[in-house]
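This report is meant for a reader who is meeting the structure for the first time. It goes through the sheet, then the enclosed and open spaces, and then the surroundings of the ligands.

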Amino acid sequence: MQCSCGQTDSNSKISLQIKEKTDKHPCFSVEVHHKYARMHLPVAPKCNISCKYCNRKFDCLNESRPGVTSEILSPQQALEKFKLVKDNMEYLSVVGIAGPGDALANWQETKTAIQLIQAVDREIIFCLSTNGLKLPELAEEIVDLEVNHVTVTVNSLTPEIGAEIYNYINYKGERHTGLKAAQILIDNQLRGIELLAKKEVLVKVNIVMIEGINDHHIPAIVRKVKELGAFITNIMPLIPASGTQFETHRPTSTVKLNEMRRVCQEELQQMFHCQQCRADAIGLLGKDVANQFRQNKKAV
Ligand code: CLF
Ligand code: SF4
């Protein structure tokens, strides 16, 4: 595993309080990913968009690799699981909500789980991962909830490329497809990133690199999200999942992926140590111990 992270001036823009938290976040701070652990709470099963590389039998591919499904927990079960893990893992620093669907498409469950845990632990860092569709409407609540780390997946800046990646979105009671769906999604992602960054939330932007579809466009995405205030980008490979429209698409080569990360590192710090975790991952990145804590398995 290659661990390298181009340091830019992103770090200098954050307050001491947020920096202290970020220094214990294994995804946002490369130096500590062998030291601090995160646990994901799979309280978010639904999704409000359809990515062409997604098979809903798996976890959200914007943050995970295909081939696994996670158990689903209610917010109360999530609290119990947090307490159990915290009691057994003193280096646990982050609670993340990364699916198995979209954290914001299940906002009540996500919010309740966070509030229940905050009532018993004021030190733990919260982290959310989302496709960004609901970000503009929920950014203020996220800030009020004192969530300081959010990941948004942005695969395109243009509706033409977006329409090659997304089938549809469900937005405000309506389903949109094609160019319109992609345009709404992109607009909301970009507006949401800007809103969060202005409120000192550290935004990581995940980009799924799909050869022949959006690979040439990735440096432009990185430039744009940097301009909007993103802290770091995480370029991830497409791993074609069975049963999806990208099933037979060529997987993104590691060589090309790392080359793209190096190019983009000139612009903004890059994540090289992502493990494409599952939505119920627990432990140090790359040393998952979720099995030790799993109780009630349930397919998505
Ligand atoms: Fe989880 Fe994601 Fe928060 Fe990390 S994972 S919600 S930012 S606490 Fe990390 Fe895992 Fe990569 Fe995600 S290694 S898939 S980047
Ligand atoms: Fe699947 Fe995640 Fe895309 Fe939703 S956002 S369709 S869960 S990959």
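What follows is a description of the model, beginning with how it was prepared.

This is a predicted model, in which local features need pLDDT of at least 70 and side-chain atom pairs count only at pLDDT 80 or more, while totals for chains, interfaces and linings use all residues. Residues are numbered from 1 along each chain as its sequence is written, chains are lettered from A and ligands numbered from 1 in the order in which they are written, and side-chain values use heavy atoms, with hydrogens and water left out.

## The sheet

Helices (H or I, at least four residues) and strands (E, at least two) are taken here as DSSP runs, numbered from the N terminus. Strands of a sheet pair through backbone hydrogen bonds, either parallel or antiparallel. Two strands are said to pair if DSSP finds at least two bridges between them. In this model, 8 strands form an open sheet with mixed pairing, in the order 9-8-5-4-3-1-10-11. Strand 9 and strand 11 (287–288) are the edge strands, each of which pairs on one side only.

At one edge, strand 9 runs parallel to strand 8 (residues 202–209), to which 6 bridges join it, and I235 in strand 9 is the bridge partner of I207. Buried is used for residues under 20% relative accessible area, as opposed to exposed at over 50% and partly exposed in between (1.4 Å probe, protein chains only). Strand 9 (residues 232–237) is largely enclosed by the rest of the structure, because 6 of its 6 residues are buried. Both of its faces are covered, with I232, N234 and M236 buried on one side and T233, I235 and P237 buried on the other.

The neighbouring strand 8 contains N206, which counts as buried because its relative accessibility is 0%. Although N206 and T151 are 55 residues apart along the chain, their C-alpha atoms are separated by 6.7 Å.

Strand 3 is likewise largely enclosed by the rest of the structure, since 6 of its 6 residues are buried. Strand 3 pairs in the parallel sense with strand 1 over 4 bridges, where V94 of strand 3 is the bridge partner of R38. Strand 3 also pairs in the parallel sense with strand 4 over 4 bridges, and there V95 stands opposite F126 in strand 4. At the other edge of the sheet, strand 10 (residues 282–284) and strand 11 run antiparallel and are joined by 2 bridges, with L284 standing opposite K287 in strand 11.

## Cavities and the largest pocket

Spaces are found on a 1 Å grid over the protein atoms alone: a cavity is a set of points where a 1.4 Å probe fits but cannot get out, a pocket is an open set with protein on both sides within 12 Å along at least five of seven lines, and lining residues have an atom within 4 Å of a point. Grid points are joined across faces, edges and corners, and a volume is the space filled by probe spheres set on the points. The structure holds 2 cavities of 30 Å³ or more.

| Space | Volume |
|---|---|
| Largest pocket | about 340 Å³ |
| Largest cavity | about 170 Å³ |
| Second largest cavity | about 50 Å³ |

The largest pocket is lined by 19 residues, of which K21, R122, E123, I124 and I125 are the closest to its centre. Helix 1 (16–22), strand 3 (92–97) and strand 4 (125–130) each supply at least two residues of this lining, and helix 1 gives the most, with 3 residues.

Around the largest cavity there are 20 lining residues, with C27, H40, E63, C127 and K204 nearest its centre. Strand 1 (37–40), strand 3 and strand 4 are the elements that give two or more residues to this lining. The lining of the second largest cavity includes Y53, L61, P237 and Q276.

## The ligands

Ligand 1 sits in the largest cavity, a term that requires more than half of its atoms to lie within 2 Å of the grid points. A residue counts as near a molecule if one of its heavy atoms lies within 4 Å of it. By this rule 16 residues surround ligand 1, and the closest are C27, H40, E63, C127 and C277. Ligand 2 is surrounded by residues among which are C47, C51, C54, C60 and N131.
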